[in-house]
Amino acid sequence: MSAVRPRARRSASILRPGSGLLILPPAVWVLAVLVAPIVLIGLYSVNLKTNLLGVPTAFSTANWKDFLPPGSNPFWDRFKISMTITVAVSVITVVAAYPLAYFLAFVAGKRRYALLMVLLAPFFTSYLLRVIAWQVILNNHGVFNSLLWDLGLRPHGDGIPWLIYSKFSVGLVLFYSWVPFVAVPMFVVLDTMDRSLIEAAHDLGASRLTAFLRVTFPLSIPGVIAGFVFVLIPTTGEFITPLLVGGPSSFMFGNSIQSFFTDTPNWNYGAVLALWLVAVVLVMLLVFGRYLSTDLEDAAT
Amino acid sequence: MTSAVGRLGRIGLSSYFTLLVLFLYAPLVVLVVFSFEDSYIQALPWAGFTTKWFHTAFANSDLTSALRRSAMIGLLDGLAATALGTMAAVALARRHLFMRPLWTTLLLLPLVVPYIVLAIGMVIVLHQLGYQSSLSAVLVGHIAISLPYSLLVVLPRLRTLDASIVEAARDLGANPSKAFMLVTLPLLAPALVASVIIAFTISFDEFAIASFIAPPGSPTYPVFLYSGTRTPSLEPQVIAIGAIVVALSMVLVLSAEIGRRWADRRLASA
């Protein structure tokens, strides 16, 4: 029995499968590619750096003052329009996805994981291609309008004016993109819910509706908020969908940022908008972050 | 016993779920159906069946070279992001790690920072360093956005591994790094494969960063797709290639899911 080794040392080596220094290469990568550029964007936003010829670099908050209220300018208005679209899409998506999650958790039975995959599969195909597919459907001479013409529901050649390049088309495609994904956190909460609580409500005389309103729904609120944030945060910085199916009335804040780096290069003003976008997303994370517990945080405790 | 959902509720919820699934698949079906449409314009009435757009698309060297570029960047991104993500996972799996919350936050940051900000940040950095926009720069950006996904796939798997298997290797005389290479890594294989596939698909589909940083003369595949939607003569080819990509990614997603379940069962029974 001489092979017996000190137990403590052995288990310690299992719990520490590698060196903590391995965190450095990935951390440095993210620092260099993500954090350092944001710092540089910060310098541009206060004119400590510039891409404009003949403009002296000196600390100035002029661009910030111009952008933020009360300095009325089109980009603040664009931000408000953009946030209206974002919040509306997030709310509608959550409302539409809740019954999907409810169906999977309480009706689908043994097939629920297979059906969840069926729901999610389109989400994992190319985002760009799905937007392009919608462009094909919604175009003025596209699939949907020509179908109406064929069926005689609209005079030939007369497309529905708000079908594409509108807030409707941007909202529809964003809704389409996110609805399966938003169902996931709500499904997880409903699926792992203690069913005996619902039974207890029934035993105490509650109707199905009362049991849902007083027990099931309140317990599922963390999943609802997580789903809401899952669509809120990426949509806040969206610019690809409006680029393809939106128009001047429905361009989002991301498109404003983009314009300062392509059409009319003014990196200093664009930097203000970009930093504002980052700040808005960080505030959202601070407000809702506790509903987004990941495996990482659970595992860390 | 009263069940949570009544009979009418069941019918209503099932119908709603079915309708929404149809809504989700309809655009994909439209894309595939109209890739066989004879006319330049994707509209009804149906002009006739053809496979000519597939031939035209594959004969278009601008399109095929864009596909090759994206496949190459995607593959390199898959390997690099998985390597970096696994490093991070191994470090975060330790019981004690200096400043753990900081590392976790930093590594998950690419999930929430808007890609438009990341893209213009990279434009500014490249300018600052005096570099031209290049495909390598696109790859660098793709690795950063794929890294958290790799971490989220590998770390949970690392935690479910049966510690006694690694313990056995150590008892049999393997040093920690040998035990990692010979025992932990093979057991991680399903997660590593999943991570490579996920990172590949993220990169292969990524438009925001590439649209700013890919050199104008050598677009990646999504950048080419986007320019194709603005050029009516290219649109049918874009749709043909799109139909193939959608079909392939459906197969990939479903086989990855089936593979993951198979691996789960195998680990559970081991």
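**Stop 1: helix 2 of chain A against helix 6 of chain B**

Select helix 2 of chain A and helix 6 of chain B: the crossing between them is left-handed. This is a predicted model. The two axes lie 10 Å apart and make an angle of about 120°. Helix 6 of chain B covers residues 135-160. An angle over 115 and not over 145 degrees counts as oblique, and helix 2 of chain A and helix 6 of chain B are therefore oblique to each other.

Now show the side chains at the contact. On helix 2 of chain A, pick A:Pro26, A:Trp29, A:Val30, A:Val33 and A:Leu34. Their counterparts on helix 6 of chain B are B:Val140, B:Gly141, B:Ile143, B:Ala144 and B:Leu147. Colour this contact by residue class and nine residues come up nonpolar and one polar, with no charged residues.

**Stop 2: the whole interface**

Widen the selection to everything that links the two chains. On chain A, 83 residues are in contact with chain B, and on chain B, 90 residues are in contact with chain A. Which element gives the largest share of the side of chain A that touches chain B? That is helix 2 of chain A, residues 24-45, with 14 residues. By class, this side of chain A holds 58 nonpolar, 17 polar and eight charged residues.

**Stop 3: chain A as a whole**

Hide chain B and display chain A as a cartoon. Chain A has 14 helices and zero strands. Its C-alpha trace spans about 80 × 65 × 35 Å along the principal axes. The radius of gyration of chain A is 25 Å, whereas a compact globule of 301 residues would have one near 19 Å. Of the 301 residues in chain A, 44% are buried. Among contacts in chain A with a separation of 6 or more, 68% are between residues 24 or more positions apart.

**Stop 4: three residues in chain A**

Go to A:Asn47, in the loop between helix 2 and helix 3 of chain A. A:Asn47 is not a glycine, yet its phi is positive, at about 65°. Is A:Asn47 buried or exposed? A:Asn47 has 22 other C-beta atoms within 10 Å and is buried, because the threshold for a buried residue is 20 or more.

Next, select A:Pro70, in the loop between helix 3 (62-67) and helix 4 (74-106) of chain A. The peptide bond that joins A:Pro69 and A:Pro70 is cis, with omega about 5°.

Then move to A:Ser220 in helix 10 of chain A, residues 208-236. A:Ser220 counts as buried, with 23 C-beta neighbours inside 10 Å. Outside the four places on either side in sequence, A:Ser220 is in contact with A:Met186, A:Val189 and A:Leu190. For a distance label, use A:Ser220 and A:Arg78: their C-alpha atoms are separated by 34 Å, and the two residues are 142 apart along the chain.

**Stop 5: helix 1 and helix 11 of chain B**

Bring chain B back and select helix 1 (residues 7-34) together with helix 11 (residues 235-269) of chain B. Their axes are 8 Å apart, and the helices pack at an angle of about 130°. That angle makes helix 1 of chain B oblique to helix 11 of chain B. The crossing is left-handed. B:Leu28, B:Leu31, B:Val32 and B:Phe34 of helix 1 of chain B meet B:Ile239, B:Gly242, B:Ala243, B:Val246 and B:Ala247 of helix 11 of chain B. This contact has eight nonpolar residues, one polar residue and no charged ones.

**Stop 6: helix 7 and helix 8 of chain B**

Select helix 7 (residues 163-171) and helix 8 (residues 176-205) of chain B, whose axes come within 10 Å and cross at roughly 140°. Helix 7 of chain B and helix 8 of chain B are therefore oblique to each other. This crossing is right-handed. Helix 7 of chain B contributes B:Ile165, B:Val166, B:Ala169 and B:Arg170, and helix 8 of chain B contributes B:Ala179, B:Leu182, B:Val183 and B:Thr184. The contact divides into six nonpolar residues, one polar and one charged.

**Stop 7: B:Met99**

Finish in the loop between helix 3 (61-92) and helix 4 (100-108) of chain B, which holds B:Met99. B:Met99 has a positive phi of about 55° and is not a glycine. With 12 C-beta neighbours inside 10 Å, B:Met99 counts as exposed.

Terms used
Residues numbered from 1 in each chain as written. Chains lettered and ligands numbered in written order. Predicted model: local features only at pLDDT ≥ 70, side-chain atom pairs only at ≥ 80, totals over all residues. Contact = placed C-beta atoms within 7 Å. Helix = DSSP H or I, 4+ residues; strand = E, 2+ residues; numbered from the N terminus. Nonpolar A, V, L, I, M, F, W, Y, C, P; charged D, E, K, R; others polar. Axes fitted to C-alpha atoms, helices over the stretch in contact; angles between N-to-C directions. Parallel < 35°, antiparallel > 145°, perpendicular 65-115°, else oblique. Left-handed = near helix turned anticlockwise from the far one by under 90°. Rg over C-alpha atoms; globule rule 2.2 N^0.38 Å.
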